[in-house]
Every structure is written in C-alpha cells, then in structure tokens.
Amino acid sequence: MCVKDVVVATLFSFFTFFSGAQIVVDDVGDGWKAKVDSALCMIEHTGPEYWDEVSTNCKKVTYWMGDFSTSVDSSVVISTHDMKLGSVCNIACAIIHESHHMEIKRLGIKMRECEEELECYVREGRFVDVVECREAWLVAFIYRSMMSYSEKCE
Ligand SMILES: [Zn+2]
C-alpha cells in the first residue's frame, strides 16, 4: 500500500462517520463492513448524481456465496468473489450497478435484459471515469462487459 492509498483510506474512514447512516451494512467480520462503508463514502463523495440513486434505492448491503453480485428488493447483495478481490472501487461499482437496476425497476422502465445490463455497465463506466482509485483490471472488466452486452443487444 502506497502513502497515497493510506491517505485515501484514512479519509474514507473519516467520512464513514458522517455518511451512509441510512444504509444498513451487514457485519460478518473480515473487515468487510469497513470496505463497504468506504465504498459508500466513495460514492457519496463522487457526486449526488451517483449518491442520490444509491441512497434512494439501496437500504441494505449484504453478501452471498455466489460468483456475481446481485440485488434482492432493496438490498444489494455482494458476492464473496467480489469481496475477496478486496477492491473498494470494485465494491462501489457493484453498488452503483445494482442500485441502477433497482432505479430502473422503481421507475417501471421496461427494456430488454441485455439493454438493462448494458445501461448498468455504462453507469459503472462513467463512475470509474471520475473516481481516482480505478484499477486497470476493473476498467477492463467494465468495458468488456459493455461490449459483450452491446453485441447481445444487436
Ligand atoms: Zn446487472
């Protein structure tokens, strides 16, 4: 961990104190709650265009043993796979992605599954464009997913 990461991690834990209070984050040990809290802070401090959607739709963050993150009602369910990758930015992206699915459902917008997935990955892509912690593998994964779903939608 470089000095910059330590400063960023410290800032995010500081912000945790002030934010995310309305979203319940399950605490299962292993420092997962702290990672999710940091991800929520990252979203909140990236801008209201992201935070408003997340705080409106996501009331709880929990985990499951699957390979992919998903959502159930108003809960974002992060996979153990995503948690074990250990990237706060990736967790933030999962929350952004799943909250966008919830927003589409809440607004009653009807679209094909491939279009909805594409839309959610585009939103993740916009988010990683503006956050500073973006990891190359995460950006590559998001763009691969965008290309894959845009091909499926043709
Ligand atoms: Zn999705």
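The crossing of α2 and α5 is right-handed, where a crossing counts as right-handed if the near helix is turned clockwise from the far one by less than a right angle, and as left-handed if it is turned anticlockwise. The axes of these two helices come within 8 Å and cross at roughly 65°, with axes taken as lines fitted to C-alpha atoms, for helices over the stretch in contact, and angles running from 0 to 180 degrees between N-to-C directions. That makes α2 roughly perpendicular to α5, since angles of 65 to 115 degrees count as roughly perpendicular, those under 35 as roughly parallel, those over 145 as roughly antiparallel, and the rest as oblique. On the α2 side the contact is made by Lys35, Val36, Ser38, Ala39, Leu40, Met42 and Ile43, and on the α5 side by Val88, Ile91, Ala92, Ile95 and Ile96; two residues are in contact if their C-beta atoms, placed from the backbone, lie within 7 Å. By class, these residues divide into 10 nonpolar, 1 polar and 1 charged, where Ala, Val, Leu, Ile, Met, Phe, Trp, Tyr, Cys and Pro count as nonpolar, Asp, Glu, Lys and Arg as charged, and the others, Gly among them, as polar.

I should say at this point that what we are looking at is a predicted model, in which local features need pLDDT of at least 70 and side-chain atom pairs count only at pLDDT 80 or more, while totals for chains, interfaces and linings use all residues. Residues are numbered from 1 along each chain as its sequence is written.

Let me step back to the whole protein. There are 7 helices and 4 strands, and read along the sequence they follow the pattern α-β-α-α-β-β-β-α-α-α-α; helices (H or I, at least four residues) and strands (E, at least two) are DSSP runs, numbered from the N terminus. The protein has 154 residues, of which 33% count as buried, and a residue is buried if 20 or more other C-beta atoms lie within 10 Å of its own, exposed if 12 or fewer, and partly exposed in between, with C-beta atoms placed from the backbone. Among contacts between residues at least 6 apart in sequence, 59% join residues at least 24 apart.

Returning to α5, we can ask how α3 passes it, left-handed or right-handed. The crossing of α3 with α5 is left-handed, and the two axes come within 9 Å and cross at roughly 70°, so α3 and α5 are roughly perpendicular to each other. Here Tyr50, Glu53, Val54 and Asn57 in α3 meet Ile95, Ile96, Ser99, His100, Met102, Glu103 and Arg106 in α5, a contact with 5 nonpolar, 3 polar and 3 charged residues.

The helices α2 and α3 also meet one another: their axes come within 6 Å and cross at roughly 130°, which makes α2 oblique to α3. Ile43, Glu44 and Thr46 of α2 make this contact with Tyr50, Trp51 and Val54 of α3, and by class it has 4 nonpolar, 1 polar and 1 charged residues.

Within α5, which covers residues 88–106, one residue to look at is Ala94. Ala94 counts as buried because it has 25 C-beta neighbours inside 10 Å. Leaving aside neighbours within four places in sequence, Ala94 is in contact with Ser69, Val76, Ile78 and Asp82, and the last of these, Asp82, is 12 residues away in sequence and 8.4 Å away in space, C-alpha to C-alpha.

Next comes α6, residues 113–130, whose 18 residues should span 26 Å at 1.5 Å a residue, and whose end C-alpha atoms are indeed 26 Å apart; the expected span is 1.5 Å times one less than the number of residues. The buried residues in α6 are Glu117, Leu118, Cys120, Tyr121, Arg123, Glu124, Phe127 and Val128, and what covers them includes α2, α3, α5 and α7. Glu115, also in α6, is partly exposed, with 16 C-beta neighbours inside 10 Å.

Finally, two loop residues. Most residues other than glycine have a negative phi. Asp30, in the loop between β1 and α2, has a positive phi near 60°, and Asp73, in the loop between β3 and β4, has a positive phi near 50°. Asp30 is exposed, with 12 other C-beta atoms within 10 Å, and Asp73 counts as exposed with 9.
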